[in-house]
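Reader: I've got a structure open and would like to talk it through with someone. Could you walk me through it, question by question?

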Amino acid sequence: QSFKFKNDLFIILNPYENGWSIKNEQFNFLKKELQNNYQFVDNIIIITHPAIYVNEEFNIKVNSFAGAGKNINFWDEIYPLFKKYDNNYYVVAGDVGVFLNGFELYCKKFEKNIFLASGMGAGVFDNYLIFKKIKRQIKIEVREF
């Protein structure tokens with residue numbers, strides 16, 4: 001699903017349907033949402049549970065790769081859409097933090113995009129993210145509990 005809030009577009013995807021890849025109806029939905037909205041929004045926030053952007057260059061440790069396919073299509077099919085529609089992108093995931101591995105929070109800027117993962121479940125360093133918009137920019141606060 002998707003919604004707009006304060007001139008930003010939020011897109012929520014379920015990568016578990018296709019082994020952590022965004023395919024078929026969801027891929028078409030994502031393309032349509034980007035195509036129809038990129039000119040009218042400041043920022044685009046993509047939300048998933050697993051960190052579908054995981055790769056060898058990103059030092060992120062997810063709780064589990066359960067359900068992940070061998071060829072997650074984020075870098076080959078999804079990320080090129082970001083380049084096609086020149087917005088500020090935030091890719092937000094969960095699924096970190098359960099095992100106290102020092103990765104209860106993950107943030108990486110790559111090119112002009114921000115990749116985040118937040119997690120809870122270990123009872124230590126559990127956190128959530130607060131997005132605040134100041135003018136056209138997103139500021140992110142971490143709240144630990």
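**Strands, helices and salt bridges**

Author: Let's start with a pair of strands: β7 (residues 127–134) and β8 (residues 137–144) run antiparallel and are joined by eight bridges. Keep in mind that this is a predicted model.

Reader: Okay, which residue in β8 stands opposite Leu 129?

Author: β7 and β8 are antiparallel partners, so we look across from one strand to the other, using the pairing rule of at least two bridges. Opposite Leu 129, in β8, stands Val 142.

Reader: And which residue takes a positive phi in the hairpin of β7 and β8?

Author: Most residues other than glycine have a negative phi. The hairpin has two residues between its strands. The one with a positive phi, near 60 degrees, is Lys 135.

Reader: Where else should I look for a positive phi in a residue that is not a glycine, say in the loop between β4 and β5?

Author: That loop connects β4 (88–93) with β5 (105–110). A residue there has a phi of about 65 degrees without being a glycine. At 12% relative accessibility it counts as buried, because the cut-off is under 20%. The residue is Asp 95.

Reader: Lys 6 also has a positive phi; is Lys 6 buried or exposed?

Author: Lys 6 sits in the loop between β1 (2–5) and β2 (8–12), with a phi of about 50 degrees. Its relative accessibility is 58%, and the cut-off for the upper class is over 50%. Lys 6 therefore counts as exposed.

Reader: On to the sheet: which strands stand at the edges?

Author: The sheet is open, has six strands with mixed pairing, and follows the order β1-β2-β3-β4-β6-β5. Two of the strands have a single partner each, so one side of each is left without a neighbour in the sheet. Those edge strands are β1 and β5.

Reader: By how many degrees are neighbouring strands of this sheet turned against each other on average?

Author: The value ignores strand direction, which is handy in a sheet with mixed pairing. On average, the turn between neighbours is 15 degrees.

Reader: Which residue is the bridge partner of Ile 12 in β3?

Author: β2 and β3 (residues 43–47) run parallel, with five bridges joining them. Ile 12 belongs to β2, which spans 8–12. Its bridge partner in β3 is Ile 47.

Reader: What angle does α2 make with β6?

Author: Helix α2 (residues 74–84) packs on the sheet and touches β3, β4, β5 and β6 (113–118). The other helix, α1, lies across β1, β2, β3 and β4, at about 175 degrees to β2. For α2 and β6, the directions make about 125 degrees.

Reader: Which residues does Leu 30 touch, leaving out those up to four places away in sequence?

Author: Leu 30 is in helix α1 and counts as buried, because its relative accessibility is 0%. Leu 13 is 17 residues away in sequence, yet the two C-alpha atoms are 8.4 Å apart. The full set of contacts is Ile 11, Leu 13, Ile 46, Ile 78 and Leu 81.

Reader: My favourite topic: how many residues apart in sequence are the parts tied together by Lys 133 and Asp 8?

Author: Their side chains meet in a salt bridge at 3.0 Å, N to O. Lys 133 is partly exposed, at 23% relative accessible area, whereas Asp 8 is buried, at 3%. Lys 133 lies in β7 and Asp 8 in β2, so the parts tied together are 125 residues apart.

Reader: What separates the closest N and O atoms of Asp 42 and Arg 136?

Author: Asp 42 is in the loop between α1 and β3, and Arg 136 is in the loop between β7 and β8, 94 residues apart. Asp 42 is buried at 10% relative accessible area, while Arg 136 counts as exposed at 55%. Their salt bridge has its closest N and O atoms 2.6 Å apart.

Reader: Last one: which residues are joined into one network by salt bridges that share partners?

Author: The model has a count of seven salt bridges. Another of these pairs is Asp 86 with Lys 112, at 3.0 Å. The network joined through shared partners consists of Asp 8, Asp 42, Lys 133 and Arg 136.

Methods. Residues are numbered from 1 along each chain as its sequence is written. This is a predicted model: local features need pLDDT of at least 70, side-chain atom pairs count only at pLDDT 80 or more; totals for chains, interfaces and linings use all residues. Side-chain values use heavy atoms; hydrogens and water are left out. Helices (H or I, at least four residues) and strands (E, at least two) are DSSP runs, numbered from the N terminus. Buried means under 20% relative accessible area, exposed over 50%, partly exposed in between (1.4 Å probe, protein chains only). Axes are lines fitted to C-alpha atoms, for helices over the stretch in contact, and angles run from 0 to 180 degrees between N-to-C directions. Contact means heavy atoms within 4.5 Å. A salt bridge is a side-chain nitrogen of Lys or Arg within 4 Å of a carboxyl oxygen of Asp or Glu.
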